[in-house]
Amino acid sequence: MGNQDGADFHGRTWYVNRMNQMFADYAAEHQNFLINDICYQSAAYGLDEWSAPFFWHMYKYSLCLKAIPWMAHNVANIMKSLYGKNKKSLVLDLDNTLWGGIVGDDGPENLEIGQETNLGQVYAEFQSYVKSLKDYGVMLNVASKNEEENALAGLNHPAGVLKPEDFLIIAANWEPKSRNILEIAHQLNILPDSLVFADDNPAEREIVRQQAPGVTAPEIGKPEDYIRVLDRGGYFEVTSLSEDDRKRNEMYQANLKREKAQASFADYTEYLRSLDMKATIRSFEPVYMARIAQLTNKSNQFNLTTQRMTQAQIEQMAADDSYITLYGKLEDKFGDNGVVSVVIAQKEEKAAHIRLWLMSCRVLKRDMELAMLDELVERCQEAGIEEIYGYYYPTAKNNMVRKFYGELGFEKCSEDEAGNSVWKLNTAGYEKRNHVIEVES
């Protein structure tokens, strides 16, 4: 029907659009139903080329041969996000990346950003895109060869969308950017492979790839291509969005304040007491299912078995009486950390087997693990369970918890050549280990 095909109910386009809207409505109501948006993908690729009739009639391919990797990449982005392989932070250069010009040479008043020039509009649009990532839980940081004073002046430009407070760490100095990026990862307590580095300079990108292994430094091209390259890279693909995601930058900002506060205490226990920590530890609840599933797929360092689970699997375990499920939230005088720890134990007669124990790295060394163990033992005692078995399966990233069970008083039962170990704790006579966190269960 030509241009009326999408407006008239007789049209095929009208019909397809409404079918797709029904899929979208269903996805909005069912968190385990995910959309692979081939409408957008085919339009971005080029509809005529995507749906080349030759490939359909010859091979019954619904898309052309060259587009198959394009679609496969898009599906892989969904799977990657679902299993917690998303990047966590975007690290940005400043000069000719967030604005046009060099702030130290040109002065902040002469930078190209804003609506006065076409290139200024390009940079303003890119800054808006970057700021929107923050709303989805992407942590924003800066690694720039600059004087800090000049960097802040550029970020305070009246036409700029991004301001200094939008960033967790602003590393503006004359150190190699690779070194600053690794330091950013260290300060945030995340692995370098969680970072994406955006810089207009191809030489700097290559240095970072060589000197900061794991960091992704995409070829972002010209300023007008920055958004397209970063977005289609799928580094920050969203399959679920929890309240903790929205508050992630705020949570990490509070963590940096905690580290500064710690420096003023000679006694670490006194420092922990000064935080006035309060924890909520309960069985899995529907409101936190998405966040719990996220943690099972994103936590790598403090994760004893590294078992990955979908939200549907989490919900099944929560409804199964043969499992003890615990989530832990932690807040203190600096703010709310959200859901930071998950324990799943399977009951078998007089024993409980810990199938999953993980914790967010942002609350390491805060005694949250002791509070979780106290609650787990109490639940086991109520169920008549006499022994708790813990399992450690080594990976390339979880070596930090290799001795975890031993430090909590578990007795090692066995360890094989690969380092897989089994530990046991008797619940009889157990004395609570947590003495600094007030727990509500």
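Which residues lie nearest the centre of the largest pocket? Gln41, Asn74, Asp231, Glu237 and Val238 do, out of a lining of 24 residues. Keep in mind for every view below that this is a predicted model.

**View 1. The whole chain, to get your bearings.** We're looking at 441 residues, and 47% of them count as buried. The secondary structure adds up to 18 helices and 12 strands. Along the principal axes, the C-alpha atoms fill a box of roughly 75 × 60 × 40 Å. Take the contacts with a separation of 6 or more: 68% of them are between residues 24 or more positions apart. As for the surface, about 22,200 Å² is exposed, with 50% of that coming from carbon and sulfur atoms.

**View 2. The largest pocket, centred on Gln41, Asn74, Asp231, Glu237 and Val238.** The volume here is about 760 Å³. Four helices each put at least two residues into the lining: α2 (38-45), α5 (68-82), α7 (118-135) and α11 (226-232). Which of the elements supplies the largest share? That's α5, with 5 residues. Sorted by class, the lining of the largest pocket comes out as 12 nonpolar, 8 polar and 4 charged residues.

**View 3. The second largest pocket, around Asn189, Tyr268, Cys361, Leu364 and Lys365.** Those five are the ones nearest the centre, in a lining of 25 residues. Two or more lining residues come from each of α9 (177-188), α13 (248-262), α14 (268-274) and α18 (404-407). Top contributor is α13, which gives 6 residues. The volume of the second largest pocket is about 630 Å³. Its class breakdown reads 13 nonpolar, 5 polar and 7 charged residues.

**View 4. The one cavity in the structure that reaches 30 Å³ or more.** How much space lies inside? About 30 Å³. Around the cavity sit Trp99, Ile113, Gln127, Gly154, Leu155, His157, Gly160 and Leu162. That lining splits into 4 nonpolar and 4 polar residues, with no charged ones. Gly counts as polar in this tally, so Gly154 and Gly160 go on the polar side.

**View 5. The three linings by class.** For charged residues, the cavity has none, the largest pocket has 4 and the second largest pocket has 7. On the polar side, the cavity has 4, the largest pocket 8 and the second largest pocket 5. Nonpolar residues number 4 in the cavity lining, 12 in the largest pocket and 13 in the second largest pocket.

Key:
Residues are numbered from 1 along each chain as its sequence is written. This is a predicted model: local features need pLDDT of at least 70, side-chain atom pairs count only at pLDDT 80 or more; totals for chains, interfaces and linings use all residues. Side-chain values use heavy atoms; hydrogens and water are left out. On a 1 Å grid over the protein atoms alone, a cavity is a set of points where a 1.4 Å probe fits but cannot get out, and a pocket is an open set with protein on both sides within 12 Å along at least five of seven lines; lining residues have an atom within 4 Å of a point. Grid points are joined across faces, edges and corners, and a volume is the space filled by probe spheres set on the points. Buried means under 20% relative accessible area, exposed over 50%, partly exposed in between (1.4 Å probe, protein chains only). Contact means heavy atoms within 4.5 Å. Accessible areas come from the Shrake-Rupley method with a 1.4 Å probe; for residues, only the protein chains shown count as cover.
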